[in-house]
Structures are given as structure tokens and as C-alpha cells.
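Welcome! Please look over the sequence and the structure below, then work through the exercises at your own pace.

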Amino acid sequence: MIALIRYSLATTVHAQRYLAPVLLFCAGVGISSGSDSGPLPGVYALNAGISLVCVTWLTIAVISVEDPVHRAITVVAARSSIRVLAATVLVSALIALGLTIIGLGMPLLLQPRPVSAADLPAGALAHLLCGSIGIAIGMVCSRLVFRRQGYALLVALALVTTALLTTGSPPNTLFKRMANTNHAADALPLAAGLLPIGLAVLALAAVITHVVSVRRD
């Protein structure tokens, strides 16, 4: 499995398709973090929202690095399509973790702000929640599910918009709590409670993607 992850990471780095979403994230976080945009919990909520968009794009890019023929060869070599999908998901998660570190650190570097003990944990949980949902959306909107990329783009935009703007969705609920408080400790229990939902969505998306891709192959 480690060799498969290393192969997936190497092909992703070589193809350089990760650059666009990563650069977009850094630009968005730089803009949100460089101005006097209020208390740290609200900044972290905004950065987590940017992360959801960019991680969705990133996951689609990572899964689409190999064309169907090369992916079929990889599946045969790995002797399991589940392992190949898991490796691409883990690579997306590793890059998303790097984005989380940037999203947490840049506001502290670019603009002096008071930091409480709960700010970083709440911000990290918000980024992990959005990263999980972003990977989930990226999987179900990837080439493994949608052969026509135009349809995949429309579905991805609809799902991302729904996750961010629909009242009651986990990201939207957490964003509102973090944006309306000056104390991250008020949002920390909610963030911890919503993260398992994001992980459950990720697991469900992985199952759907695997079932659809196996039937099509």
C-alpha cells in the first residue's frame, strides 16, 4: 500500500495538476488573512470554506491524473481497485493536510491577532471537516463516476454551493458559529461533533465511487 501511495503521489507531482487548486488556496487565504478581517475564528471559518472548494478541485485532479487505460493497468498491478482508490484519497488527504497547515498559520504570520488556546483546535477541526467533504465531493465528481467532465463540473459546483450556503449543512452551521463569536471555545464542541459527520460523508462517497467505477470498468 505504501508503494501505491508513493506511486500516486509521484504521478500527481509529475503531472502538476495540483498546482492550480493549491495556488488558488494560497491566494484566497492570503487575501483573507492579510487584512484586518476580524477575530481569528471568523478568519479560520473563511479559510476552511476556501479549503472546501480547493480540495474538491484537488481531488478531481488527483484522481484524473491517470487516463482510463493507465488506471486499468494500475488496478491490475495493485490487484485491487479499492487499494488504488484508497491511495488517491490518501494522497488528496495529505495535500489537504498541508493546506490546513497553511490555512492555520498564514493568518498568524500576516496579521497580528490575539490567539487563545481554542483558536487553533477549532480552526483545525473546521479545515478537517471541509477537507473531508471536499474530498468526498471530488470523488463523486471525478472521472470514475462522470465520464463527461462538463456534467462533473456542474455537479461539483452544485454540491460545493450546497455544502457552503445551505442552512443546516455541517460546514454552514460551523461557519456561522465561528463567524459570530470572538471566542473559539464556544465553537469547539460543535466543530468536534460535526467532524464525524464529514468523515461519514467521505466514507459514503468512497463506497459510491468504488461501486460505480467497478460497474463501469
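**Exercise 1: Cysteines**

The sulfur of C141 lies 15 Å from the closest cysteine sulfur, that of C54, which is too far for a bond. This is a predicted model, where local features need pLDDT of at least 70, side-chain atom pairs count only at pLDDT 80 or more, and totals for chains, interfaces and linings use all residues. Residues are numbered from 1 along each chain as its sequence is written, and side-chain values use heavy atoms, leaving out hydrogens and water.

Task: find how many disulfides the structure holds.

Solution. Begin with the cut-off: a disulfide is a pair of cysteine sulfur atoms within 2.5 Å. Next, take C54: its closest cysteine sulfur is in C26, 8.6 Å away, again too far for a bond. The total is zero disulfides.

**Exercise 2: The core**

Task: work out which element gives the largest share of the largest nonpolar core.

Solution. Such a core is a set of buried Ala, Val, Leu, Ile, Met, Phe, Trp, Tyr and Cys residues joined through side-chain atoms within 4.5 Å; buried means under 20% relative accessible area, exposed over 50%, partly exposed in between (1.4 Å probe, protein chains only). This core has 54 residues, and L52, M139, L174 and M178 touch the most other members. The largest share, 12 residues, comes from α3. Helices (H or I, at least four residues) and strands (E, at least two) are DSSP runs, numbered from the N terminus.

**Exercise 3: V160**

Task: decide whether V160 is buried or exposed.

Solution. V160 lies in helix α7. Its relative accessible area is 9%, so V160 is buried.
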